[in-house]
Amino acid sequence: MPSASQTNRVFKLCMLGDAGTNYQVLASTNLTVPGWTILGTMESTNGIWRFLDTAATNSSRFYRAKQLP
């Protein structure tokens with residue numbers, strides 16, 4: 001998953017997906033513990049979408065996207 005950290009402490013995720021499909025963006029600080037936090041929902045309008053995590057910190061954070069029905 002391509003990503004980039006912005007200079008203003010905002011973390012940007014760039015994702016590819018099916019156009020016209022909604023995706024839920026989730027985050028976790030630990031991959032071994034169940035329970036991901038939902039950060040928001042994005043619609044892939046043209047197959048590429050970006051999500052800005054304005055609550056990102058310098059600590060480790062893992063991201064995933066889940067396609068919604």
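Guide: Quick bit of vocabulary first: strands here are DSSP runs of E, at least two residues long, and helices are runs of H or I, at least four long, both numbered from the N terminus. What you're looking at is a predicted model, so local features need pLDDT of at least 70 and side-chain atom pairs count only at pLDDT 80 or more, while totals for chains, interfaces and linings use all residues. Residues are numbered from 1 along each chain as its sequence is written, and side-chain values use heavy atoms, with hydrogens and water left out.

Visitor: Which strand does Thr 21 lie in?
Guide: Thr 21 is buried at a relative accessible area of 13% (buried is under 20%, exposed over 50%, partly exposed in between, with a 1.4 Å probe and protein chains only). As for its place in the fold, Thr 21 belongs to β3.

Visitor: How far apart in space are Thr 21 and Met 42, C-alpha to C-alpha?
Guide: Leaving aside neighbours within four places in sequence, Thr 21 is in contact (heavy atoms within 4.5 Å) with several residues, including Met 42 and Leu 68. Thr 21 and Met 42 sit 21 residues apart in sequence, and their C-alpha separation is 8.5 Å.

Visitor: Which strand gives the largest share of the largest nonpolar core?
Guide: A nonpolar core is a set of buried Ala, Val, Leu, Ile, Met, Phe, Trp, Tyr and Cys residues joined through side-chain atoms within 4.5 Å. The largest one here has nine residues, among them Leu 13, Val 25 and Phe 51. At least two come from each of β2 (11-16), β3 (21-28) and β5 (48-53). The largest share, three residues, comes from β3.

Visitor: What angle lies between the planes of Tyr 23 and Trp 49?
Guide: Rings of Phe, Tyr and Trp (its six-membered ring) pair if their centres lie within 6.5 Å; planes under 30 degrees apart are stacked, over 60 edge-to-face, the rest tilted. Tyr 23 is in β3 and Trp 49 in β5, so the pair ties together parts 26 residues apart in sequence. The two rings are stacked, at 5.6 Å centre to centre, with the planes at 20 degrees.

Visitor: Which residue has its backbone oxygen 2.9 Å from a polar side-chain atom of Ser 28?
Guide: Ser 28 is also in β3, and it counts as buried at 8% relative accessibility. Beyond four places in sequence, Ser 28 touches Trp 36, Arg 61 and Phe 62. The backbone oxygen 2.9 Å from its side chain is that of Asn 30.

Technical notes: A polar contact is a pair of N or O atoms within 3.5 Å; within protein, one must be able to donate a hydrogen and the other to accept it, and residues adjacent in sequence count only if both atoms are side-chain atoms.
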